[in-house]
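Visitor: I would like a close look at one part of this protein. Take me through the sheet and what surrounds it, and keep the sentences short.

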Amino acid sequence: MKNVYWFREFLWKCVVFALVMYGVFFVLRVGFVLCANLAGEEMAPIPIFTYIRVFFYGFLYDGKVVGILTLVFFVLGVFLYTIPIGRKILHIFVFLCIVLSFYISISEIGFYHIYGDTFNTNLFYTNEQIPLLLSLWEPHISWKLFLFLVGCVVFLGIMRIGFKIVEFLYQQRSYVGFSYQSPKYSHLFILLVCLVMWEIFSISGVETKNLKVHTQDFLQKSLPGSIQDITQAYKIYRQISHSSFGDYSEQSPTEVVKEFFGIDKDSPSYDLQTLLQKSVNNPSNTEIEHIFYIIVDGLSDWYCNKEFDEIEVCSELKTLVSQGAFKANVFLESASTNIASIETQISGLFDIDIPLRLVSRQIQNLKTALPMNLKALGYKNYLFSGASLEQWQKLDEFIYAQGFEKSFYDTNVIQNAKTRAYQAPYEYTLGAYNHHLLSLVRDRLFVNYQQKTFNLILTTPHSYDESLESFGVPLKRMQAFLQIHPEIARHTDAHLLSHIYHQDKILAKFIRDVSARFTNTLFVITGSHSATLASTLKVKHSVPFILYAPNLQPMIISNVGSHIDIIPTILELIAPNGFKYMSFGTPLLSNKKSFYQTDAHQAFGNNVVANDRFIYDGKHMEYFAQGLERDKDKNLAKELFKHLQQARALSWWIFKNGYEVAE
């Protein structure tokens, strides 16, 4: 009977511990918001409802940390609670949880005032972390120490009072005989169920698709909390600091350079700026004033196949191609996720499995980046997205480091739609509707058309949203189509088809509206990555690449490529003759007449390579388009795949060490 009561008593102490820790994190979040606001980060008035939403989502974020700490407290208590010294260990654990939470959070406030950001990898890129952490308490160190001590004392006191109340109640109850017949393990079972549900709630709450806060930057940054921020920063730091050239190639750096570029002579060092340099060969005098680079979420090249003609998926894009737009026959994705694909397309580097957006301060002004080259040509660079900035995970810092002037997200899209009285609804769970996103791009262009612009447009990801039917999307028709074609239904669903259908129609309208008023424009349409579950290698890794320029008649150099080839293709068409730039890719089109050659180009994608006959992922080879097997295909495929790994290794070298390669 005694064991039953100590366990119940300890169970209630776990509840007290969790509630007090929630209180600690709530107070610390309030402190962060107040300090950022009082420091003049945001001068515009913020509605009270916005604060309520921020603290509600902050509560969801805190659930994960509180759940983990409570689980540790419980596990320690199961083994130590009945031992006198064990209770002291539990008290030390509680003390450390509260003291470290206050210390880390106050340090993050100082970090924010220095870097304009919550904890990131800058915290670890120094040999003097301790002096840095101490410097974060300056200025106003006396006030910070006072608040630190008061906060620790208050919450340690609250925790102690809570524990004493639980102990008092169970000392009184120990003489009351009830629940003698309780199953032996019932309380343990109930506790485990509660903990599992707690963790599921906290994790799913953070990752829910509804987590989208339309608010100021410093409020968005306050959401995760200092402990999660410093943990994430350290994970990224370890991922980067432990990465090496050997992760991508077994050869030495100089050997890779020699083989990749076909260099015969040995040299102690090589300059990648020289080796990657290309020169534009453009005899055209047509000046392109506006460029629209549209990355469509989840658009696989599979949806451009004939089997989807009866439901008109991608019909408008195919009509555009029939009217003179270029579409590559084989075009590979550069990464398997939205954000990684966007990073590679902006940076001009191959995917190296490192989130570049989280280390943007270490890779300022990449010479391979498209915005940097367009900036040199006099273009203003803008990014438009229908999703919230929170969903893109510090993408803003990365794009500004690579030459963008300004960015627009869901709040800007929705405000523009409401101001101009466009048809509601304006948003759904993942952001603003894509037709309102394109309307913002068009409306801004019509006002600021005097300057040359490069506009990168990231469409809002698809979700299971029934409202698309109100915009003329035939969802029921898609469902009926999949019932008739179960072989297609195994690889997609009606909502994704509806999403692609809708984007196809609005993209065509956007191109018609803009090109009717501005003929000196260039449109690029591609997918972020292939979202289909189809089994063939080509379908798994292929996205469309469509380029349309009303006033240009570009010649095809190659019909095979990948995302890495988009930057040189654009520069080849719009830059003046002789313009120098750096790129791993090669142009697929040119304004200069040239002979199209079979096998003139290969595609290097996301751990897969291809030419116009086969695709190879390092293990399997697949032929397509009636491609015939040739004697040396296996050797060629292995050579191309090795070439891809060398390109990834050199991309890592540029990211980590710059452009000078030496042993």
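Before that, a question on the whole chain: of the contacts with a separation of 6 or more, what share comes from residues 24 or more positions apart?

Guide: The share is 77% for residues 24 or more positions apart, among contacts in the protein chain with a separation of 6 or more. Keep in mind that this is a predicted model. The chain has 663 residues, and 55% of them are buried. DSSP runs give 22 helices and 21 strands. The accessible surface comes to about 30400 Å². Carbon and sulfur atoms hold 59% of that surface.

Now the sheet. Seven strands build it, and it is open. Read across, the order is β4-β12-β11-β3-β10-β6-β7. The pairing is mixed. At the edges sit β4 (326-327) and β7 (406-408), each with pairing on one side only.

Look at one pair inside that order. Strand β6 covers residues 380-385, and strand β10 covers residues 453-458. The two run in the parallel sense and share six bridges. For a landmark, find F384, which stands opposite I457 in β10.

Helices pack on this sheet. One of them is α16, residues 434-447. Helix α16 touches β3 (290-296), β6, β7 and β10. Its direction makes about 155° with that of β6. Another is α21, residues 566-574. Helix α21 touches β3, β11 (521-527) and β12 (545-548). The angle between the directions of α21 and β11 is about 170°.

Next comes α12, which spans 338-347. This helix is mostly covered, with 10 of its 10 residues buried. Among the buried residues are charged and polar names as well as nonpolar ones: E343, Q345 and N338 appear beside I339, I342 and I346. What do they pack against? The partners include three strands of the sheet, β3, β10 and β11. Helices α13, α14 (395-401) and α21 are partners too. Thus α21 appears twice here: it packs on the sheet, and the buried residues of α12 pack against it.

Now the backbone after α12. G348 follows the helix directly and takes a positive phi of about 80°. Further on, the loop between α12 and α13 (370-376) holds N365. N365 has a positive phi of about 55°, although it is not a glycine. N365 counts as partly exposed because its relative accessibility is 42%, between the 20% and 50% limits.

A second loop deserves a stop. It lies between α15 (410-419) and β8 (427-428), and P425 is placed there. The peptide bond from A424 to P425 is cis, with omega near 5°. A421 is in the loop between α15 and β8 as well. Phi of A421 is positive, near 60°, and A421 is not a glycine. A421 has a relative accessible area of 64%, over the 50% limit, so it counts as exposed.

One last stop takes us to the surface. W143, F146, L147, V150, V154 and I158 form a nonpolar patch there. Together they have about 580 Å² of accessible area. I158 lies in helix α5, residues 141-173. I158 counts as partly exposed because its relative accessibility is 40%.

Note on methods:
Residues numbered from 1 in each chain as written. Predicted model: local features only at pLDDT ≥ 70, side-chain atom pairs only at ≥ 80, totals over all residues. Heavy atoms only, no water. Pairing = 2+ DSSP bridges. Helix = DSSP H or I, 4+ residues; strand = E, 2+ residues; numbered from the N terminus. Contact = heavy atoms within 4.5 Å. Axes fitted to C-alpha atoms, helices over the stretch in contact; angles between N-to-C directions. Buried < 20%, exposed > 50% of the residue type's maximum accessible area, 1.4 Å probe, protein only. Patch = residues over 30% accessible without salt bridge, like charges linked within 9 Å, V, L, I, M, F, W, Y side chains within 5 Å. Areas by Shrake-Rupley, 256 points an atom, 1.4 Å probe, with all protein chains shown as cover. Salt bridge = Lys/Arg side-chain N within 4 Å of Asp/Glu carboxyl O.
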